[in-house]
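The exercises below are to be worked with the sequence and the model open side by side. Each task is followed by its solution in steps.

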Amino acid sequence: MTQSRRQARRAWAAAQRKHIKRGNLYHVEFQHDPGCAIYTAARLCNCDPHRVLRDDRGRVLARVEGAGEFDPLEMVGGAV
């Protein structure tokens, strides 16, 4: 099933609210396409990376595809 970019962004936000708790350690992966400009001198994402949230043991808590380009300030909000 294909979801819209808006649905994917909402799914990613919901996963963060559900899983990220204060005082715990998490790993967030942005899996960029090999041809993404993030790997150039410009360092700006122009692909649609997969977002993966893992706990401190490496278990996948959430995986979201189709949420759009990576914004370096995306994770600044952190846990509430």
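**Exercise 1: a hairpin**

In this predicted model, the hairpin of β2 and β3 has four residues between the strands, and Gly58 there takes a positive phi near 90°. Task: find in which sense β2 and β3 pair, and over how many bridges.

Solution.
- Step 1. Locate the two strands: β2 covers residues 50-55, and β3 covers residues 60-64.
- Step 2. Determine the pairing: β2 and β3 are antiparallel, with four bridges between them.
- Step 3. Pick out a facing pair: Val60 in β3 stands opposite Arg54.

**Exercise 2: the other partner of β2**

Task: state which residue of β2 is the bridge partner of His27, and how many bridges join β1 to β2.

Solution.
- Step 1. Take strand β1, residues 26-31; six bridges join this strand to β2, and the two run antiparallel.
- Step 2. Read off the partner of His27, which is Arg54.
- Step 3. Combine the two pairings: Arg54 has His27 as a bridge partner and also stands opposite Val60 of β3.
- Step 4. Set this in the chain as a whole, which has one helix and three strands in the order α-β-β-β.

**Exercise 3: Val60**

Task: decide whether Val60 is buried, partly exposed or exposed, and list what Val60 touches beyond its neighbours within four places in sequence.

Solution.
- Step 1. Place the residue: Val60 lies in strand β3.
- Step 2. Apply the cut-offs, under 20% for buried and over 50% for exposed. Val60 has a relative accessible area of 39%, so this residue is partly exposed.
- Step 3. List the contacts, with neighbours up to four places away left out: Val52, Leu53 and Arg54.
- Step 4. Compare sequence and space for Val60 and Val28: they are 32 residues apart in sequence, and their C-alpha atoms are 9.8 Å apart.

**Exercise 4: a positive phi outside glycine**

Task: find where Arg43 is located and whether Arg43 is buried or exposed.

Solution.
- Step 1. Arg43 belongs to the loop between β1 and β2.
- Step 2. The phi of Arg43 is positive, near 60°, although the residue is not glycine.
- Step 3. The relative accessibility of Arg43 is 54%, so the residue counts as exposed.

**Exercise 5: the core**

Task: name the members of the largest nonpolar core and say which element gives the largest share.

Solution.
- Step 1. The core has nine residues: Ala8, Trp12, Ala15, Ile20, Tyr26, Leu53, Ala62, Val64 and Ala67.
- Step 2. Sort them by element: α1 (5-19) and β3 (60-64) are those that give two or more residues. The largest share, three residues, is from α1.
- Step 3. Examine one member, Tyr26. Beyond four places in sequence, Tyr26 touches His19, Ile20, Lys21, Leu53, Arg54, Asp55 and Leu61.
- Step 4. Return to the whole chain: 29% of its 80 residues are buried. The chain exposes about 5700 Å², and carbon and sulfur atoms supply 52% of that area.

Key: Residues numbered from 1 in each chain as written. Predicted model: local features only at pLDDT ≥ 70, side-chain atom pairs only at ≥ 80, totals over all residues. Heavy atoms only, no water. Buried < 20%, exposed > 50% of the residue type's maximum accessible area, 1.4 Å probe, protein only. Areas by Shrake-Rupley, 256 points an atom, 1.4 Å probe, with all protein chains shown as cover. Core = buried A, V, L, I, M, F, W, Y, C linked by side-chain atoms within 4.5 Å. Contact = heavy atoms within 4.5 Å. Pairing = 2+ DSSP bridges.
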